[in-house]
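Colleague: I am new to this structure and would be glad of a close look at a single part of it, with enough of the surroundings to place that part.

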Amino acid sequence: MLRVLAVSLAFTLAFTSVALATTGCDVSQTVSTSAWKCLQSPGGQGPIELAIPRLYRSSGAVDSKGVASVKAAHAAGVPHVDGYLFPCVSCGNAAGQVTATLQALSAAGASISTLWLDIERYKWSSNTANNQAFIKVRD
């Protein structure tokens, strides 16, 4: 009986995760309202429901194109709008980079649900403890 329950639970979890999946895209260039509307029309993987523009560049500056893309995604009716920060490791102060990103969004009258960190192998230390300390913004 326990084995049947475990198999049933496994199938339920497998199908639930598929049912909760959302099609979306991350972008690093300006995407207009009309382009977001086009991306929401059926085709390819299906209409997108999630937009994730880049909001901070690895060169150490807020990405104004990303902020504009957030506003355009909302205007186009994209249901879920997030953003991502590509940290500038050599600039230091990860918390300051997050703050600058959030302030730029606020100043532009834009909002996101989640700010993701785009962690790629780019100017990072081989010392994982130092890397973790850098991206730890707060407790």
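Is asparagine 93 buried or exposed?

Modeller: Asparagine 93 is exposed, with a relative accessible area of 54%, where exposed stands for over 50% relative accessible area, buried for under 20%, and partly exposed for what lies in between, with a 1.4 Å probe and only protein chains taken into account. Before going further, please keep in mind that this is a predicted model, in which local features need a pLDDT of at least 70 and side-chain atom pairs count only at pLDDT 80 or more, while totals for chains, interfaces and linings use all residues. Residues are numbered from 1 along each chain as its sequence is written, and side-chain values rest on heavy atoms, with hydrogens and water left out.

Asparagine 93 sits in the loop between β5 (83-85) and α4, and although it is not a glycine, its phi is positive, at about 55°. Helices here are DSSP runs of H or I with at least four residues, strands are runs of E with at least two, and both are numbered from the N terminus. By that count the protein has five helices and six strands, and from the N terminus on they follow the order α-β-α-β-β-α-β-β-α-β-α.

A disulfide, meaning a pair of cysteine sulfur atoms within 2.5 Å, is also part of this picture. One disulfide turns up in a search of the whole structure, and it joins cysteine 88 to cysteine 91, with an S to S distance of 2.1 Å. The torsion about that S-S bond is about 65°, so the disulfide is right-handed. Its two ends can be described separately: cysteine 88 counts as buried, at 3% relative accessibility, whereas cysteine 91 counts as partly exposed, at 44%. Another cysteine, cysteine 38, has a relative accessibility of 53% and counts as exposed.

Helix α3 (residues 64-76) gives some of the wider setting. With 13 residues at 1.5 Å a residue, α3 should span 18 Å, and its end C-alpha atoms are 18 Å apart, which agrees; the expected span is 1.5 Å times one less than the number of residues. At its start, a side-chain oxygen of aspartate 63 comes to within 3.0 Å of the backbone nitrogen of lysine 65. After α3 comes glycine 77, whose phi is positive, near 85°.

The buried residues of α3 are Gly66, Val67, Ser69, Val70, Ala72, Ala73 and Ala76. An α-helix has 3.6 residues a turn, so residues three or four places apart point the same way. The buried residues of α3 pack against α2 (33-39), β2 (50-57), β3 (61-62), β4 (80-81) and α4 (94-107). Alanine 68 also belongs to α3, but at 37% relative accessibility this residue counts as partly exposed; its C-alpha atom lies 8.4 Å from that of alanine 110, although the two are 42 residues apart in sequence.

Threonine 33, in helix α2, shows one place where α2 meets α3: leaving aside neighbours within four places in sequence, threonine 33 is in contact (heavy atoms within 4.5 Å) with Ala72, Ala75 and Ala76. Threonine 33 counts as partly exposed, at 27% relative accessibility, and its C-alpha atom is 8.8 Å from that of glycine 77, 44 residues away along the chain.

For the protein as a whole, 28% of the 139 residues count as buried, and of the contacts with a separation of 6 or more, 73% are between residues 24 or more positions apart. As for how far the model can be read, pLDDT is the predictor's confidence in each residue, from 0 to 100, and the protein averages 85, with 82% of the residues scoring at least 70. Among the elements, β3 has the highest mean pLDDT (98) and helix α1 (residues 2-19) the lowest (46). Over residues 1-17 pLDDT stays under 50, and for that stretch the model has zero contacts beyond four places in sequence.

Notes:
Polar contact = N/O pair within 3.5 Å; in protein donor to acceptor, adjacent residues only side chain to side chain.
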